Amino acid sequence: MPFVELDTNLPAGRVPAGLEKRLCAATAAILGKPEDRVNVTVRPGLAMAVNGSAEPGAQLLVSSIGVVGTAEENRGHSARLFEFLTKELDLAQDRIIIRFLPLEAWQIGKKGTVMTFL
């Protein structure tokens with residue numbers, strides 16, 4: 001169950017319509033997870049700095065069980081996510097940061113329990 005959070009200082013009008021759905025589909029394909037398990041939040045118009053600069057930029061947080069736990073996995077995920085984000089947001093790679101956070105099943109609540117028991 002991946003969670004993807006895209007924070008950007010781009011104004012909402014510069015974020016392409018439907019980005020959350022395309023990011024959901026891209027994340028599912030990249031991580032090899034079903035699209036109906038991917039959760040995406042897009043937050044435009046934030047006061048933020050990337051690499052010390054307030055120029056247009058974005059930060060992506062990808063949290064998931066089992067698929068973001070190694071450097072080798074994340075190198076591949078990073079390449080594909082950067083390709084997607086640079087095209088969609090019209091930003092250079094040096095204006096985007098991606099963080100990967102491995103999760104355990106007991107850290108995700110669903111249906112009144114945690115994923116460990118589902």
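In this predicted model, a good place to start is the meeting of two helices, where Leu19, Arg22, Leu23, Ala26, Thr27, Ala29, Ile30 and Leu31 of helix H1 are in contact with His77, Arg80, Leu81, Phe84, Glu88 and Leu89 of helix H2. Sorted by class, the residues of this contact are nine nonpolar, two polar and three charged.

How are the two helices placed with respect to each other? Two packed helices are described by the angle between their axes and by the distance between those axes. Here H1, which covers residues 19-31, and H2, which covers residues 71-89, pack at an angle of about 160 degrees, and their axes are 10 Å apart. Because an angle over 145 degrees counts as roughly antiparallel, H1 and H2 are roughly antiparallel to each other. The crossing in which H1 passes H2 is right-handed.

Looking at H1 by itself, we can compare its length with what a helix of 13 residues should span, which is 18 Å at 1.5 Å a residue, and the C-alpha atoms at its ends are 18 Å apart, so the two values agree. Many residues of this helix are hidden from the surface: Leu19, Leu23, Cys24, Ala26, Thr27, Ala28, Ile30 and Leu31 are buried. The cover over these buried residues includes strand E1 (3-8), strand E2 (39-43), strand E3 (58-65) and H2. Ala25 also belongs to H1, but this residue is partly exposed, because its relative accessible area is 31%. Although Ala25 and Glu35 are 10 residues apart along the chain, their C-alpha atoms are separated by 5.9 Å.

Just after H1 comes Gly32, with a positive phi of about 70 degrees. Further on, in the loop between H1 and E2, lies Arg37, which counts as partly exposed because its relative accessibility is 40%. When its neighbours within four places in sequence are left aside, Arg37 is in contact with Met1, Pro2 and Met115. Asp94, by comparison, is 57 residues from Arg37 in sequence and 30 Å from it in space, C-alpha to C-alpha.

Turning to H2, we find a helix of 19 residues that reaches 25 Å from its first C-alpha to its last, close to the 27 Å expected at 1.5 Å a residue. Its buried residues are Asn74, His77, Ser78, Leu81, Phe82, Phe84, Leu85, Thr86, Glu88 and Leu89, and what covers them includes E1, H1, E3 and strand E4 (96-103). Ser78 can serve as an example from this helix: with a relative accessible area of 18%, Ser78 is buried, and, apart from neighbours within four places in sequence, Ser78 is in contact with Ile98 and Phe100.

Which loop residues other than glycine have a positive phi? Among them are Asn51 and Asp90. Most residues other than glycine have a negative phi, and this is why such values deserve a second look. Asn51, in the loop between E2 and E3, has a phi near 55 degrees, and with a relative accessible area of 56% this residue is exposed. Asp90, which comes just after H2 in the loop between H2 and E4, also has a phi near 55 degrees, and at 63% relative accessibility Asp90 counts as exposed.

Conventions:
Residues are numbered from 1 along each chain as its sequence is written. This is a predicted model: local features need pLDDT of at least 70, side-chain atom pairs count only at pLDDT 80 or more; totals for chains, interfaces and linings use all residues. Side-chain values use heavy atoms; hydrogens and water are left out. Axes are lines fitted to C-alpha atoms, for helices over the stretch in contact, and angles run from 0 to 180 degrees between N-to-C directions. Helices (H or I, at least four residues) and strands (E, at least two) are DSSP runs, numbered from the N terminus. Angles under 35 degrees count as roughly parallel, over 145 as roughly antiparallel, 65 to 115 as roughly perpendicular and the rest as oblique. A crossing is left-handed if the near helix is turned anticlockwise from the far one by less than a right angle, and right-handed if clockwise. Contact means heavy atoms within 4.5 Å. Ala, Val, Leu, Ile, Met, Phe, Trp, Tyr, Cys and Pro count as nonpolar, Asp, Glu, Lys and Arg as charged, and the others, Gly among them, as polar. The expected span of a helix is 1.5 Å times one less than its number of residues. Buried means under 20% relative accessible area, exposed over 50%, partly exposed in between (1.4 Å probe, protein chains only).
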